[in-house]
Amino acid sequence: MVGNSDDGNPALRMESKKELTMKHSSTLTITAAVVLAIFMAPAPAGAQARGGRGARGAAPANLNGPTPRLPNGKPDFSAQSWARPFTGDITLTFTNPDGTSNKGESNPLPLTQWGQAQWDNYNPPKNGDYAGSCMPFGWIRSFSPHPMSIQQNNNYIMFLFEQSTMFQMVPTDGRPHREGWPPTWFGDSVGHWEGDTLVIEVVNLNGYAKLATIGQPMSDQAKITMYFTRPDYGHINFKWVLDDPKTYTRPLSNERVFVLTPNVELMEYSCMEGNLTTLLEGAITPWTGPKDSDANRLYDKQHEWTAYDFTKSQKLSGLLKEINYRAQPPLMKVEVDKKLVTVVLAPPPRMEFRGVSDDDLKPGVTVSVVAYPSKQTKDEVRAETLSVGSKNIDLR
């Protein structure tokens with residue numbers, strides 16, 4: 001596949017369904033060829049018998065069959081392709097028709113003051129899109145949306161992501177983390193077994209990657225712990241836990257289900273081939289390095305969440321009279337019971353990802369918000385949710 005955008009953000013030239021299914025004529029990526037050299041050991045008999053390696057023309061796999069195992073007796077996660085739920089926002093909980101699912105975090109996330117600044121400052125159209133600039137996605141964001149293969153032996157597990165032809169090879173023998181290596185997008189990953197659960201711990205991250213397309217942040221102090229179990233032939237239960245005290249006041253986690261897709265093959269994904277022109281022409285803003293700031297650039301002290309009274313939640317509906325969508329902070333003025341109320345909104349990229357843009361917010365439309373009054377400014381509120389037309393979105 002020729003990469004030409006991010007992994008699903010409508011504000012960042014979201015790929016269409018047709019684009020997501022386009023394939024080059026190549027049948028193996030360079031990465032896959034390397035993996036074949038590394039993992040030449042015969043597949044477990046059970047996997048071969050059921051077409052578990054995704055052989056073309058194989059009979060449909062029995063997804064509820066027994067768990068394949070390695071020669072050392074541990075579960076074998078190897079398969080030509082695993083479908084995963086596209087999770088562009090880690091606060092979502094859903095189950096897809098194919099059985100993939102995500103159990104998300106509650107919203108709002110428990111952000112520190114620094115973390116809130118990173119969350120509010122995230123603006124790929126203005127500051128550059130690292131995914132659209134073909135930078136690595138990092139661990140959590142790599143688990144969606146394109147196909148992924150896993151190859152494994154007694155000592156290593158290899159994750160092959162079609163997205164940008166990325167891969168990660170992780171030792172599973174519980175060795176210590178490396179010393180003296182520079183921080184990276186995927187960090188330093190080491191696996192060990194806890195019974196039949198493969199646990200992968202990731203440290204030494206550079207903090208540049210986001211947890212999802214919408215931009216939920218993490219820092220270079222983060223530690224990611226990932227848990228993989230294969231309860232039967234056709235499913236992987238995946239859980240990740242993020243410990244990042246610089247960004248969040250408690251650990252975060254998601255639980256997901258992957259489903260075997262033996263008839264899907266990974267193909268070449270040449271990200272820059274599709275993106276170079278759009279980057280040069282400015283259709284996608286190039287990412288040239290982090291532009292985050294410890295300070296919140298969008299909301300000053302008068303407009304940060306602590307400046308509003310959370311004991312007085314209000315539901316307000318009225319006619320939109322004025323809109324300043326890209327102000328600092330973004331806000332609108334709404335006539336409520338013949339009184340003009342200033343409503344502070346979320347950052348535009350966040351609203352656009354969740355489905356509301358400035359095209360929806362035109363003077364004359366009726367809007368509704370759940371909001372909190374300012375402790376300092378009369379007739380000013382900060383909105384937690386917004387409804388306009390048939391759209392209802394969370395602004396936190």
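In this predicted model, R250 is partly exposed, with a relative accessible area of 34%. Its side chain meets that of E105 in a salt bridge, with N and O 3.0 Å apart. E105 falls on the other side of the 20% cut-off for burial: at a relative accessible area of 9%, E105 is buried. The salt bridge of R250 and E105 thus has one partly exposed partner and one buried partner. R250 belongs to the loop between β10 and β11 (252-260), while E105 belongs to the loop between β3 (101-103) and α4, so this pair ties together parts that lie 145 residues apart in sequence.

The structure holds eleven salt bridges, and two others can be described alongside that of R250 and E105. One of them joins D379 to K339, with the closest N and O atoms 3.6 Å apart. Because D379 sits in the loop between β15 (366-373) and β16, and K339 in strand β14 (residues 339-344), the pair ties together parts 40 residues apart in sequence. Here D379 is partly exposed, at a relative accessible area of 29%, and K339, at 42% relative accessibility, counts as partly exposed too.

The other links K391 and D360, whose closest N and O atoms are 3.2 Å apart. K391 is part of strand β17 (residues 391-394) and D360 is part of the loop between α8 and β15; the pair therefore ties together parts 31 residues apart in sequence. K391 has a relative accessibility of 32% and counts as partly exposed, and D360 is partly exposed with a relative accessible area of 22%.

Turning to the aromatic residues, the count comes to 22 aromatic pairs. In one of these, the ring centres of Y130 and W185 are 5.3 Å apart and the planes are at 35°, so the pair is tilted. Y130 is found in the loop between α5 and α6 (139-142), and W185 in the loop between β6 (166-171) and β7 (188-194), so the pair ties together parts 55 residues apart in sequence. Both Y130 and W185 are buried.

A further pair is made by F143 and F238, with ring centres 4.6 Å apart and planes at 50°, so this pair is also tilted. F143 comes from the loop between α6 and β4 (148-152) and F238 from strand β10 (residues 235-243), so the pair ties together parts that are 95 residues apart in sequence. Like Y130 and W185, F143 and F238 are buried. F143 and F238 also belong to one aromatic cluster, together with F77, W139, F159, F161, F186, W193, F228 and F258.

Charged side chains also meet aromatic rings. R141 lies over the face of F137, at 5.2 Å from the ring centre. Likewise, the charged end of R178 sits over the ring of W181, 4.4 Å from the centre of that ring.

Helix α4 (residues 113-121) is a good place to look at burial in detail. Eight of its nine residues are buried, so the helix is largely enclosed by the rest of the structure. The buried residues are W114, G115, Q116, A117, Q118, W119, D120 and N121. They pack against α5 (124-127), α8 (348-353) and β16 (380-388).

One of the buried residues of α4, W119, also lines the largest cavity, together with Y122, I214, P347, P349 and R350. About 30 Å³ of space lies in this cavity, and the structure holds one cavity of 30 Å³ or more.

For the chain as a whole, eight helices and 17 strands are present. Buried residues make up 53% of its 396 residues. Among contacts with a separation of 6 or more, 63% are accounted for by residues 24 or more positions apart. The side-chain pairs described above give individual examples of links between distant parts of the sequence: R250 and E105 tie together parts 145 residues apart, and F143 and F238 tie together parts 95 residues apart.

Definitions and conventions: Residues numbered from 1 in each chain as written. Predicted model: local features only at pLDDT ≥ 70, side-chain atom pairs only at ≥ 80, totals over all residues. Heavy atoms only, no water. Buried < 20%, exposed > 50% of the residue type's maximum accessible area, 1.4 Å probe, protein only. Helix = DSSP H or I, 4+ residues; strand = E, 2+ residues; numbered from the N terminus. Contact = heavy atoms within 4.5 Å. Phe/Tyr/Trp six-rings, centres within 6.5 Å; stacked < 30°, edge-to-face > 60°. Lys NZ or Arg CZ within 6 Å of the ring centre and 35° of its normal. Salt bridge = Lys/Arg side-chain N within 4 Å of Asp/Glu carboxyl O. 1 Å grid on protein atoms, 1.4 Å probe; cavity = no way out; pocket = protein on both sides within 12 Å on 5 of 7 lines; lining within 4 Å. Points joined across faces, edges and corners; volume = space filled by probe spheres on them.
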